[in-house]
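Student: Could you take one helix of this model and go through it closely, and then follow the side-chain contacts between charged residues outward from there?

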Amino acid sequence: IFKFLLKNKCKHFFVATLDEGIRLNNLNKNIKIYVLNGIQNYDLNIFKKHNLIPIINSIYELKKIIKKDIKFGLHIDTGINRLGINCNEIPSDIYKNNNIKIVLTHLSSADERNNKYNSLQKNIFLKEIKKFKNKKIIFSISNSNGSILSKSFLLDMIRPGIGLYGGNNQNIKLASKLKPVVFLKAKIIQIKKINYNEYVGYNQTFKTNKKTTIAIIGAGYADGIPRKLSNRGKVFFKKDKFNIIGRISMDSFTIDISKTKYNLKEGQYIDIINEKYGVEEFALQCETISNEVITSFSGRIKKIYV
C-alpha cells in the first residue's frame, strides 16, 4: 500500500508505532512520516536519526520534546477523550513554536453523518488552530468518513484509513465513492460425504439431518476468519452460496456443498469476500467493523497486490 501511494505522489504517511515509521523511512528518505503513538519512553534521537515526526499526545511528552530541536506534531483532544492534549492544558508559548509541523484532532463519530458532535469537535478545533502563529503548520481533522461530512472538515489534509481499502463503515455516501478492493479466497482441502445424524466440528454444534456433502476449507481463526462465523457464515463459488457448518477451527472450517451445481474439487478456491459480498457485509456477519476484519488477516494469508 505504501509503494502504491508513493507512486501516486502521496508525501505524508501516518503510522502507529516507531518501528513502523523506521520501516517506511528505510524505504524512502524523502517523505514525511508521523508516528501517532508519540514519543513514549523512546530516545528522542531515534526520531531525529530516522527523520520521523512524533505526534505529541500529552503535556508530559510536550515538556520532553520542547527541550530538543526536533520536528513534531500536536494532537489536540476535542472530545473523543482518547489520545491528545485538552485545549485548556496547552501552554501559551507553544502557539509560537516553529518545530510544530502538524496539528490534528480526531473525530469521535465521523461515521454518523448527522451526529452534531462532529460539528462541536470541529468548532473547538477551528477556534484552537487560530492561535498558532506558524503559517506553515498543517491542520487536519478528518478520517475517511470525516472527509465527506462537508468541505469545512477537509482543512489542509485528510487522513484516510479504511477508505484506502474500500471499506465504508456502512456509510452510504462514502460507499458510493469507493470501489471494492479487498477479496479473500481459501482453498478446498478435502471433500467428503457424511451420513444423516452425524456431527461436524468441535463440540457437536452442528448435526446433519440428511446425507451431506461437505468441503473442508483451509483457513481458520489463525488466518483471521472469526469464530463468530461458526454455523452462520456464508462463502461463495461463482453463483453458489454455501453455509459454514460447525465451529471455525484454527486452520480450517467446513461448508455444506450438497446442493452445488458445480463439480467442485479439492484444490479449488472458494470466495470468502468478493465483489458482491464485500468486506462490509462480511464485517456485519462478524458483528464488527471492516477495519477489524482487514487488520485481523494474519501473515499466513498470501497477499497479492494488483
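Tutor: What follows looks at one helix and then at salt bridges, beginning with one at that helix and going on to others elsewhere in the chain. The model is a predicted one, and the values below should be read in that light.

The helix is α5, which takes in residues 117–129. With 13 residues at 1.5 Å a residue, α5 should span 18 Å, and because its end C-alpha atoms are 18 Å apart, the expected and the computed values agree. The buried residues of α5 are N118, Q121, K122, F125, E128 and I129. They cover an arc of only 130° around the axis, which means that they lie on the same side of α5. The general geometry is relevant here: an α-helix has 3.6 residues a turn, so residues three or four places apart point the same way. As for what this side of the helix meets, the buried residues of α5 pack against the strands β4 (72–77), β6 (100–104) and β7 (138–142).

One of these buried residues, E128, also takes part in a salt bridge, its side chain meeting that of K131 at 3.4 Å, N to O. The two partners sit in unlike surroundings: E128, at 4% relative accessibility, counts as buried because the cut-off for that class is under 20%, whereas K131, at 36%, counts as partly exposed.

The count of salt bridges in the model comes to 7, and two others can be set beside this one. The side chains of K261 and D240 meet at 2.9 Å, N to O. K261 lies in the loop between β15 (253–256) and β16 (269–273), and D240 lies in strand β14 (residues 240–245), so this pair ties together parts that are 21 residues apart in sequence. Here K261 is exposed, with a relative accessible area of 57%, while D240 is buried, with a relative accessible area of 9%. In addition, salt bridges that share partners join D223, D251 and R300 into one network.

The other pair is K228 with E287, whose closest N and O atoms are 3.2 Å apart. This salt bridge links distant parts of the chain, since K228 is in the loop between β12 (212–217) and β13 (234–237), while E287 is in the loop between α7 (279–285) and α8 (290–296), 59 residues apart. In this pair K228 counts as partly exposed, at 38% relative accessibility, and E287 counts as exposed, at 56%.

Definitions and conventions: Residues numbered from 1 in each chain as written. Predicted model: local features only at pLDDT ≥ 70, side-chain atom pairs only at ≥ 80, totals over all residues. Heavy atoms only, no water. Helix = DSSP H or I, 4+ residues; strand = E, 2+ residues; numbered from the N terminus. Expected span 1.5 Å × (residues − 1). Buried < 20%, exposed > 50% of the residue type's maximum accessible area, 1.4 Å probe, protein only. Arc of directions from axis to C-beta. Contact = heavy atoms within 4.5 Å. Salt bridge = Lys/Arg side-chain N within 4 Å of Asp/Glu carboxyl O.
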